[in-house]
Amino acid sequence: MLLLWSKKTHFFRKLFVNFNTCFPPSTLTVFRKLCSEIESNFSKSTSLSFSAAKHGSFYQTPPKLSNQYLEDTSLLRYLKRTLPQEVFEKVNKDLLEFGEAIVANIDQLSKQCEALPPQLIIYNAWGKREEKLWTCDAWKKMHNLSAKEGLVAIGYERKFGEFSRLYQMAKLYLYAPSSGLYTCPLAMTDGAAKTIETLGLTHPVFVAAYSRLVSRDPKFFWTSGQWMTERQGGSDVAGGTETVAFPQNDGTFRLFGYKWFSSATDANIALTLARIADSQGQVIQGTKGLTMFYLETCLPEGGLNNLEMVQLKEKLGTRQLPTAELLLKGTVAYRMSEAGRGVAEISNMLSMTRIHNAIAAVASMRRILNLARDYSFKRIAFGKLIINHPLHMHILASLETEVRGSLLFLLEIIHWLGKLENGKATDTETLLFRMLTPVLKLFTAKQAVAVVSEGLEAFGGQGYMENTGLPGILRDVQVLPIWEGTTNILSLDVLRSISRSNKEVLKAYYHDILERTEMAKSIEYLKESYAMVIGSLNTVLQFVQINPDKLEVAARDFAYSLARVFIGALLLQQASLPDATQQEIIVAVRWCYQDLTLGIGSQQNCYSESAIKADIDLVTDGYNKKS
């Protein structure tokens, strides 16, 4: 068509030359005007933009980030139902304002943290070794903002008693996807404060540190790291910790060792594990030889506390967060736990950081779904908005069900934490908190990877483009199943909690679910869902009774089943309320319609000794052991 028009234009121009001698000027003027209009209309109708501007006229409209507090009806309704009216009014006002601040400026700081990751400067321009850890201004602003907003402090001020934790962590939940990963040091700061408080440590060093960890003053506020992983370690802390602590005459210790993965390396303090050496320099191996220590990363007179930053880790995600390999060369430290009780006492920190891990997981799922929802009102495909494509919305609705179920699980665990800290928890809640906290962490972490990955697909090719900011969400959530215990390790932790309680926790679990679903069994549209939850509950508990020898190999499936059945009960309880919305009823029914037990009742043969051998044979098929 363009070639044809070009030829026509050439013809008319030649015609003009000939017509100049045949027609009067007035006729030529009219003719020229007519040709000009024809050319203009032709250009408009054939969109010649590619020939001139090198690009077309179509642009994708990006998803818009709005106030995430207002858009999260599940969070809003839970808080309104759970918090006393006077508490809700105050919390609601702050969360509403914080949601606006995230959109206005905090999310932009997050993007700067992603664009300007930390750097380790080993030598200055003149060749002198200085080991300086550089972080961008946005990262520093996140520190100040965290203090001012009370993102740790709220939980310890306990202004609202048992509801303070719900307030604090609802705020963290809103902040997490726009924090530039600053929620990681906040998690460990919360864990360190919790450890000092729970152990009742009164040494002036710990009292001073605690006041800083829970401060709202940016200049006074400290953050904490957690240095547990060593080169041989990973989850096997007992078998892999080589750091040695030598007692000093002044009551301090000197630590010597190599910490392979130290998150939040720029933190002011850290909690770590080491083995105390006796007078002959000998240490006790295994769990019984580990003691928990507190250290400050810098000395009072300035400079690093006898430690060397060897290198920053290059990671798949969480690039905003400084994570380093550290060599401890006589680092001054203070003993926090009884000798040999390090693993038991640091569990106070681990419980907190696992909850924070779940917050990050659920918040990331919510963020990708909210963006995908907004995008579905803007993207046109095959002649209509994608919100009008049933298959697309069916997938988003399935993901929405996963997010709402995970959020309800998270909020219930947080509420129990607040009750425990304020002496309001029942015996059942105390037992279930211990068992279900690792279940919460492992379940939400794995779901986050799956949901965010599926969520990216909702944006088509744009979901794969780094400059949209979307792929970073997936890269960052991939750390969640690994950090603070892999899925397998936490599954085994669940089994230990059952064993330690002599299975009393399973009895508590059983009665808790019966109580939560009591109303649902008499509501016509929930009866079938109720039957599915109770049937799944019985299947899970029967599996424990009949197959005690198979629990270890089935630990992951068992933990997932505990999570899905419990979430089913929570959703049915919510759907049974007089003010339940149609959406809450739909989510409950959809959740209960799936296999809540992952087939552990009907697939028992896959956990047998012959099946385990078959697993090994399958995995090692073709593997050359000599290579």
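Modeller: Angles under 35 degrees between helix axes count as roughly parallel, and angles over 145 as roughly antiparallel. Keep that in mind as we look at this predicted model.

Biologist: Happy to! At what angle do the axes of α13 and helix α15 cross?

Modeller: The axes of α13 and α15 (residues 427–457) cross at roughly 25° and come within 8 Å. The two helices are therefore roughly parallel to each other. Their crossing is left-handed.

Biologist: And how do α13 and α14 run relative to each other, roughly parallel or roughly antiparallel?

Modeller: Here the axes of α13 (residues 342–376) and α14 (residues 390–421) cross at roughly 150°, coming within 10 Å. So α13 and α14 are roughly antiparallel. In this pair, too, α13 passes α14 in a left-handed crossing.

Biologist: Let's turn to the backbone. What sign of phi should I expect?

Modeller: Most residues other than glycine have a negative phi. In this model, Glu131 has a positive phi, near 50°. Glu131 sits in strand β2 (residues 129–134), and its relative accessibility of 12% makes it buried.

Biologist: What is the phi of Glu484 near, and where does Glu484 lie?

Modeller: Phi of Glu484 is near 60°, again a positive value. Glu484 lies in the loop between α16 (471–477) and α17 (487–500). With a relative accessible area of 8%, Glu484 is buried.

Biologist: Now the surface: which residues make the nonpolar patch of about 230 Å²?

Modeller: Val553, Ile612 and Ile616 make that patch. Val553 belongs to the loop between α19 (527–546) and α20 (555–575). Partly exposed means between 20% and 50% relative accessible area, so Val553, at 39%, is partly exposed.

Note on methods:
Residues numbered from 1 in each chain as written. Predicted model: local features only at pLDDT ≥ 70, side-chain atom pairs only at ≥ 80, totals over all residues. Heavy atoms only, no water. Patch = residues over 30% accessible without salt bridge, like charges linked within 9 Å, V, L, I, M, F, W, Y side chains within 5 Å. Areas by Shrake-Rupley, 256 points an atom, 1.4 Å probe, with all protein chains shown as cover. Salt bridge = Lys/Arg side-chain N within 4 Å of Asp/Glu carboxyl O. Helix = DSSP H or I, 4+ residues; strand = E, 2+ residues; numbered from the N terminus. Buried < 20%, exposed > 50% of the residue type's maximum accessible area, 1.4 Å probe, protein only. Axes fitted to C-alpha atoms, helices over the stretch in contact; angles between N-to-C directions. Parallel < 35°, antiparallel > 145°, perpendicular 65-115°, else oblique. Left-handed = near helix turned anticlockwise from the far one by under 90°.
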